[in-house]
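Walk through this protein with me, one part at a time. Keep the sequence and the 3D view side by side.

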Amino acid sequence: AWAADRGDARASDYGARADQVYASFNARFWNAEAGYLFDVVDAEGGGDDPKCRPNQVLAVSLPHPVLAQERWEPVMRAVQARLLTPVGLRSLAPGDPEFKPRYYGDLRTRDAAYHQGTVWAWLVGPYVDAWLRVFPGDIDGALEAVGGFAAHMDEACIGSVSEIFDADAPF
């Protein structure tokens with residue numbers, strides 16, 4: 001769109017490439033059996049990785065979603081059920097053999113947990129954007145996603161939101 005707005009002669013080429021990306025993404029990343037997106041396709045060692053992770057929210061939340069609209073709701077329902085906590089999204093769904101519910105221990109132990117369940121607070125922003133795109137009238141659903149931050153503002157660095165949280169209660 002920006003290239004066309006500028007009168008760039010390559011605008012139609014960019015549009016064709018965007019259409020190709022959209023088609024390829026939906027053909028390769030959709031995990032029909034699980035009802036959400038694969039984490040990785042053509043993974044090292046072969047196959048597709050079905051881990052439920054929060055990055056799939058970006059396929060819905062960004063200004064130009066790359067995911068087909070009929071897949072938005074199943075993705076958001078899966079993320080809501082498996083990844084949403086009162087303080088953000090887990091980096092990996094509980095039940096996965098690699099899930100780590102706590103971020104503690106020495107540096108090596110903490111590093112091993114960082115992307116294996118640890119909750120990332122910043123992901124609640126894209127989650128709320130995606131939620132309201134899928135369910136535009138559900139303000140209560142969006143507010144529920146940020147509800148845990150009010151109490152947290154009186155913890156740790158008062159008036160701030162922590163970068164990460166444990167993946168299980170009490171977070």
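Start with helix α4, residues 72–82, in this predicted model. Five residues to find here are W72, V75, M76, A78 and V79, which are buried. Buried means that under 20% of the relative accessible area is left. Where do these residues sit around the axis of α4? They cover an arc of only 160°, which puts them on the same side of the helix.

Now look at what that side touches. The buried residues of α4 pack against two helices, α3 (58–61) and α6 (124–134). They also pack against the strands β1 (30–31), β2 (36–37), β3 (84–85) and β4 (88–90).

Two of those strands, β3 and β4, lead us to a sheet. This sheet is open and has four strands, in the order β3-β4-β5-β6. The pairing is antiparallel. Strands β3 and β6 (164–165) stand at the edges. Each has a single partner strand, so one side of each is left without a neighbour in the sheet. Zoom in on β3 and β4: two bridges join them in the antiparallel sense. There, T85 stands opposite G88 in β4.

Next, turn to empty space. Rolling a probe the size of a water molecule over the atoms shows where such space is left. The largest pocket holds about 340 Å³. It is lined by 13 residues, and A1, Y14, G15, A18 and H64 are the closest to its centre. Which helix gives the most to this lining? That is α2, with six residues. Both α1 (2–5) and α2 (11–29) supply at least two residues each. By type, the lining has eleven nonpolar residues, two polar and no charged.

Technical notes:
Residues are numbered from 1 along each chain as its sequence is written. This is a predicted model: local features need pLDDT of at least 70, side-chain atom pairs count only at pLDDT 80 or more; totals for chains, interfaces and linings use all residues. Side-chain values use heavy atoms; hydrogens and water are left out. Buried means under 20% relative accessible area, exposed over 50%, partly exposed in between (1.4 Å probe, protein chains only). The arc is that of the directions from the helix axis to the C-beta atoms. Contact means heavy atoms within 4.5 Å. On a 1 Å grid over the protein atoms alone, a cavity is a set of points where a 1.4 Å probe fits but cannot get out, and a pocket is an open set with protein on both sides within 12 Å along at least five of seven lines; lining residues have an atom within 4 Å of a point. Grid points are joined across faces, edges and corners, and a volume is the space filled by probe spheres set on the points. Ala, Val, Leu, Ile, Met, Phe, Trp, Tyr, Cys and Pro count as nonpolar, Asp, Glu, Lys and Arg as charged, and the others, Gly among them, as polar. Two strands pair if DSSP finds at least two bridges between them.
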